[in-house]
Amino acid sequence: MKIGIIGAGRIGGLIGTLWAKAGHEVLFSSRHPESLTGLVQAAGETASLGTPDQAIAFGEVILLSTPFGYLPEFGRTKREALGQKIVLETGNPNIARDGAMAEAVIQSGQGTGIYLRQWLSGVRVVRAFNTVWDPILAKEAHRAEPRVGIPLASDDEEALRIASQLVIDAGFDPVIVGALDQARRFDMGTPVYDTGMSGPEVRQALNL
Ligand SMILES: NC(=O)c1ccc[n+]([C@@H]2O[C@H](COP(=O)([O-])OP(=O)(O)OC[C@H]3O[C@@H](n4cnc5c(N)ncnc54)[C@H](OP(=O)(O)O)[C@@H]3O)[C@@H](O)[C@H]2O)c1
């Protein structure tokens, strides 16, 4: 599958590399693409680099892994170019980094998913890879079962199926939690957040 990475930092760089090693074609992007030369070389022959717009043009699936505060602007400026492409979004609201918008999301108690419905309306978005600290993902990818659980939420059934396969390809256990509004069940501060739980443990904790 062709995958574009927007925000090739700790999470985007790692998950993109796991996908490239699994044989996917991965275009890592940056606002400063030259900064990704080492990452792309290490990711292997199926990896390439470019700008965020090139990542959108390239990918059937986009992994969006930027500060949460960028999401409203991303929706406004990229919605049209995204068309029917699937977007896996990893962000967590962080008041110190993202300011008042993150505070509003957290204080609403409604979870991140309903905000994604507004900001990325019309986009086939999946909440994914937001619960596990990147060093744990790096260390535990492809371990023997039970694998680390990755909760997923989306309003789009086909996008959930594709995201589930990509979670497996990266070396983890996909846990479909439900529609986007169910993302609140695995946002920051929930019992499954930042625990490194296995898939079966996540399912049990969320009564799935
Ligand atoms: N690290 C973790 O363990 C972890 C775990 C789960 C979820 N998350 C969440 O996932 C997201 C990414 O986390 P991370 O730790 O990978 O962050 P990171 O290492 O700081 O990488 C974020 C990337 O986003 C891009 N970026 C930064 N500011 C931007 C802006 N204003 N507009 C567009 N792009 C921008 C940067 O790419 P360029 O400067 O190259 O363009 C950067 O490489 C965050 O929302 C975080 O809360 C992180």
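In the predicted model, strands S1 (residues 2-6) and S2 (residues 25-29) are paired in the parallel sense through five bridges. Within this pairing, Ile3 stands opposite Val26 of S2. The connection from S1 to S2 passes through helix H1 (residues 10-21), and the resulting β-α-β crossover is right-handed. S1 is also joined to S4, again in parallel, by four bridges. Here Val61 of S4 is the bridge partner of Ile3, the residue that stands opposite Val26 in S2. Four of the five residues of S1 are buried, so the strand is largely enclosed by the rest of the structure.

Strand S4 (61-64) is followed by a loop that leads to helix H4 (71-82), and Thr66 lies in this loop. Thr66 has a relative accessibility of 14% and therefore counts as buried, the cut-off being under 20%. Apart from residues up to four places away in sequence, Thr66 touches Ile6, Gly7, Leu71 and Gly91. Of these, Ile6 belongs to S1 (residues 2-6), and Leu71 belongs to H4 (71-82).

Thr66 is also one of the residues that come nearest to the ligand; the others are Ile11, Ser30, Arg31 and Asp134, out of 21 residues around the ligand. Ile11 is part of H1 (residues 10-21), the helix of the crossover between S1 and S2. Asp134 is part of helix H8 (residues 134-140). Backbone atoms of the protein approach oxygen atoms of the ligand at several positions. A polar backbone atom of Asp134 is 2.8 Å from a ligand oxygen. For Arg10, the distance between a polar backbone atom and an oxygen atom of the ligand is 2.9 Å. A backbone N or O atom of Asn92 lies 3.3 Å from a ligand oxygen. On its own the ligand has 890 Å² of accessible area, and the protein covers 77% of this area.

Helix H8 (residues 134-140) also contains Glu140. With a relative accessible area of 16%, Glu140 is buried. When neighbours within four places in sequence are left aside, the contacts of Glu140 are Val148, Gly171 and Phe172.

Ser164 is located in helix H9 (residues 157-170). This residue counts as buried because its relative accessibility is 11%, against a cut-off of under 20%. Ser164 is in contact with Leu152, Pro174 and Ile176, leaving aside neighbours within four places in sequence. Pro151 is 13 residues from Ser164 along the chain, and the C-alpha atoms of the two are separated by 9.4 Å.

Leu206 is placed in the segment after helix H10 (199-205). Its relative accessible area is 6%, and Leu206 is buried. The residues touched by Leu206 are Val177, Arg185 and Val192, not counting those up to four places away in sequence. Phe186 is 20 residues from Leu206 in sequence, with a C-alpha to C-alpha distance of 8.5 Å.

Methods. Residues are numbered from 1 along each chain as its sequence is written. This is a predicted model: local features need pLDDT of at least 70, side-chain atom pairs count only at pLDDT 80 or more; totals for chains, interfaces and linings use all residues. Side-chain values use heavy atoms; hydrogens and water are left out. Helices (H or I, at least four residues) and strands (E, at least two) are DSSP runs, numbered from the N terminus. Buried means under 20% relative accessible area, exposed over 50%, partly exposed in between (1.4 Å probe, protein chains only). Contact means heavy atoms within 4.5 Å. Two strands pair if DSSP finds at least two bridges between them. A crossover is right-handed if, with the strands pointing away from the viewer, the path from the first strand over the helix to the second runs clockwise. A residue is near a molecule or strand if one of its heavy atoms lies within 4 Å of it. A polar contact is a pair of N or O atoms within 3.5 Å; within protein, one must be able to donate a hydrogen and the other to accept it, and residues adjacent in sequence count only if both atoms are side-chain atoms. Accessible areas come from the Shrake-Rupley method with a 1.4 Å probe; for residues, only the protein chains shown count as cover.
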